[in-house]
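Let's take a walk through this model, strands to begin with and confidence after that. Have the fold open beside you as you read.

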Amino acid sequence: MRHQSSWNPQLCMFMELTFSPAGHHYLTRNIAMGLEQKLIIGFNATFVHPGRFYLGGFSDMAHDNYYYVFLCFVYIFTVVGNVLLILIIWLVKTLHTPKYMIVFNLALTDLCGSTALIPKLLDTFLFDRRYILYEACLSYMFFVLFFASIQSWTLVIMAYDRFIAICFPLRYHSIVTKTSIGAVLAFVWLLITSIIASTVGLIDRLSFCGSFVVKSFFCDHGPVFYLACNDTSLNHIMAYVALVIFICIPLILIAFTYVCISIALSRIASGEERLKALKTCTSHVILVAIFFLPLVGTNIAAVASYIHPNARIINSTLTYTIPALLNPIIYALKTEEVMNAVKKLLKKKTFINTA
């Protein structure tokens with residue numbers, strides 16, 4: 001029986017390339033080039049993201065647990081105060097006005113902002129769970145920055161309300177309506193959502209190939225993107241844009257409204273009427289001072305001179321938490337309408353209990 005053989009030129013070429021020295025060099029070079037090309041494509045198409053970040057917090061600070069316990073009590077009183085203020089505005093129909101729509105928005109923002117920050121902060125440092133997932137870190141960053149920015153612009157809207165009330169008192173009820181304030185508040189929420197989402201979203205285009213330790217008490221924008229090992233110029237630009245939009249412009253607008261208010265008050269002949277008009281602004285001025293002074297002070301100190309990381313963390317945490325605690329207290333004690341509303345609710349409850 002004869003065996004019929006067939007000649008395959010492709011098989012012969014493969015054997016020559018495999019077993020000859022020249023062919024071996026050719027195959028090795030082509031495989032290496034292919035692998036290098038794949039690596040380059042993979043590096044350009046994806047970014048290196050860590051599985052987790054580590055929140056640094058205080059560095060070598062004795063008895064720091066007492067500070068976290070203090071923040072725990074701050075959070076409890078913040079929740080109680082703001083929930084009570086929200087309920088009072090919701091239940092008392094005389095407070096269903098444009099002015100108290102803004103106050104309601106501020107109380108809601110304070111409540112949500114404190115809830116976004118403090119419980120996670122306590123869980124991280126009081127119970128020593130400092131590792132946070134990459135995606136959770138970005139969510140944490142978004143909500144803390146979002147509600148802080150809403151607070152800032154709510155104070156601007158409150159300044160606008162006082163500006164119209166004092167400078168254009170006869171036209172106040174036609175300008176400052178529920179519809180107009182609702183539209184302004186909705187626009188602010190949408191604008192801030194888009195800006196903060198863009199700012200946080202740009203973190204996702206960064207690669208992290210060095211340290212994963214965030215030198216802050218939460219996933220703050222600056223300390224996170226400083227850890228990146230590729231180009232962060234766009235993140236720097238967005239950080240400056242956010243600083244201008246959420247700190248500089250609100251402060252300028254608030255200062256402008258109070259300059260106009262001062263000019264309008266100087267034209268009032270009666271000192272008693274001038275004092276009465278000023279009293280309507282005192283609550284707002286206190287809120288502005290509590291919110292902006294520590295924030296501006298920290299940023300100026302950081303630029304002008306060295307500030308210890310522990311001092312910066314304490315100042316920043318108090319800036320984020322204390323205004324939310326004091327806002328309902330200031331409005332309850334300094335605003336006559338709220339005090340009258342509380343008395344009305346208490347009388348109604350007493351009457352129901354008696355009946």
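Strand S1 and strand S3 (residues 213–214) run parallel, joined by 2 bridges; strands pair here if DSSP finds at least two bridges between them. In that pairing, tyrosine 54 stands opposite valine 213 of S3. S1 also pairs with strand S2 (residues 131–133), this time in the antiparallel sense, over 3 bridges. Tyrosine 54 turns up again there, with tyrosine 131 as its bridge partner in S2.

A word on ground rules: this is a predicted model, so local features need pLDDT of at least 70 and side-chain atom pairs count only at pLDDT 80 or more, while totals for chains, interfaces and linings use all residues. Residues are numbered from 1 along each chain as its sequence is written, and side-chain values use heavy atoms, with hydrogens and water left out.

Back to S1 (residues 52–55): which side chains point where? Phe53 and Leu55 point to one face and are buried, whereas Arg52 and Tyr54 point to the other and are not. Buried means under 20% relative accessible area, exposed means over 50%, and partly exposed is in between (1.4 Å probe, protein chains only). In a regular strand, side chains do alternate between the two faces of the sheet.

Zooming out, the protein has 12 helices and 3 strands, taken as DSSP runs numbered from the N terminus (helices are H or I with at least four residues, strands E with at least two). Of its 355 residues, 40% count as buried. Contacts, meaning heavy atoms within 4.5 Å, are mostly long-range in sequence: among those with a separation of 6 or more, 79% link residues 24 or more positions apart.

Now look at helix H3 (residues 64–91), where you'll find valine 80. Valine 80 counts as partly exposed because its relative accessibility is 44%. Valine 80 also helps make a nonpolar surface patch of about 980 Å², along with residues including Phe73, Phe77 and Trp90.

Finally, how far can you trust all this? The pLDDT, the predictor's confidence in each residue from 0 to 100, averages 82 over the protein, and 84% of the residues score at least 70. Among the elements, helix H7 (residues 178–201) has the highest mean, 95, and helix H2 (residues 21–45) the lowest, 41. Over residues 1–19 the pLDDT is below 50, and this stretch has 9 contacts in the model beyond near neighbours in sequence. Where pLDDT is low, the predicted coordinates should not be read in detail.

Technical notes: Patches are made of residues with over 30% relative accessible area and no salt bridge: like charges are joined within 9 Å, nonpolar side chains (Val, Leu, Ile, Met, Phe, Trp, Tyr) within 5 Å. Accessible areas come from the Shrake-Rupley method with a 1.4 Å probe; for residues, only the protein chains shown count as cover. A salt bridge is a side-chain nitrogen of Lys or Arg within 4 Å of a carboxyl oxygen of Asp or Glu.
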